[in-house]
Amino acid sequence: MTTMRDEAALGRPFPLPRADYLATLPKATVYACCYFTDVHGRALGLRSVFTKRAWQLPGGNMDAGEDPFQTAVRETYEETGLRLTGPRPLLLVHYVRGDDAQAPTAKVGFCFDGGTLTDDRLAALRLDPEEHDRWAVEDWPTWERLLGPEDYRRLAAMAEARRTGRTGLLVSEPGRGEGR
């Protein structure tokens, strides 16, 4: 026979079987990226070879077994040839809500400060032609023109986080930006 004291120590039984509980949790993909600037404070962007030829930051989706910083390091190297050492400051956590009609999974991003690139390091960038055909460092009015409003808002939030030294949180609605 268990006493009241034993029942309190053990806790109540979980109300759902594990598989049923896991099915109730929200689903999300995770990406990580890096924010780089040149010595003049202009942000680095990479132009995608896919569909809309959107401008992006070095980064991509997390692989199984990786943490967000490992993803940022791997993707940055694959896409630019730049080798990052860590740890690097986390500038921004980006949450894109899921949309049942279009993309039922949410997307969570971790955006790290890649640092400042000298002209020599920029000249040594090696793009993966399967993903990007061009890189650029541009001033803020140019990025505002080249990026969609949500992507520009994300870029500006990273610049603000670097300036203040405080990690930001950006929540986006689905379909309003490229997401990475």
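How many disulfides does the count come to? The count comes to 0 disulfides in this predicted model. A disulfide is a covalent bond between the sulfur atoms of two cysteines. The cut-off applied here is a pair of cysteine sulfur atoms within 2.5 Å. C34 is in no disulfide, and its nearest cysteine sulfur, that of C33, lies 6.8 Å away. C34 counts as buried, because its relative accessibility is 0%. C111 is also in no disulfide. Here the nearest cysteine sulfur is again that of C33, at 3.3 Å. C111 has 0% relative accessibility, so C111 too counts as buried.

Next, the packing. In soluble globular proteins, nonpolar side chains tend to be buried together. The largest nonpolar core in this model has 18 residues. Y35, W143, L155 and M158 have the most contacts inside it. Three elements each supply at least two residues of this core: β1 (28-38), β5 (90-96) and α6 (149-164). The largest share comes from α6, with 5 residues.

Y35 is a good place to look around. Leaving aside residues up to four places away in sequence, Y35 touches A43, L91, F112, D113, G114, G115, W140, L155, M158, A159 and R162. Two of these partners, L155 and M158, are listed with Y35 among the core residues that have the most contacts. A second core is separate and has 12 residues. Its members include A32, F36, L84 and F112. F112 is thus a member of the second core and a contact of Y35.

Now the empty space. Rolling a probe the size of a water molecule over the atoms shows where such space is left. The structure holds 1 cavity of 30 Å³ or more. About 90 Å³ of space lies in the largest cavity. It is lined by 12 residues, and those closest to its centre are W55, Q56, L57, L147 and L155. L155 also ranks among the residues with the most contacts inside the largest core. β2 (43-48), β3 (55-56) and α6 each supply at least two residues of the lining. By type, the lining divides into 7 nonpolar, 2 polar and 3 charged residues.

Last, a backbone detail. Where is R53 found? R53 sits in the loop between β2 and β3. Most residues other than glycine have a negative phi. The phi of R53 is near 55°, a positive value in a residue other than glycine. R53 is partly exposed, because its relative accessible area is 33%.

Technical notes. Residues are numbered from 1 along each chain as its sequence is written. This is a predicted model: local features need pLDDT of at least 70, side-chain atom pairs count only at pLDDT 80 or more; totals for chains, interfaces and linings use all residues. Side-chain values use heavy atoms; hydrogens and water are left out. A nonpolar core is a set of buried Ala, Val, Leu, Ile, Met, Phe, Trp, Tyr and Cys residues joined through side-chain atoms within 4.5 Å. Buried means under 20% relative accessible area, exposed over 50%, partly exposed in between (1.4 Å probe, protein chains only). Helices (H or I, at least four residues) and strands (E, at least two) are DSSP runs, numbered from the N terminus. Contact means heavy atoms within 4.5 Å. On a 1 Å grid over the protein atoms alone, a cavity is a set of points where a 1.4 Å probe fits but cannot get out, and a pocket is an open set with protein on both sides within 12 Å along at least five of seven lines; lining residues have an atom within 4 Å of a point. Grid points are joined across faces, edges and corners, and a volume is the space filled by probe spheres set on the points. Ala, Val, Leu, Ile, Met, Phe, Trp, Tyr, Cys and Pro count as nonpolar, Asp, Glu, Lys and Arg as charged, and the others, Gly among them, as polar.
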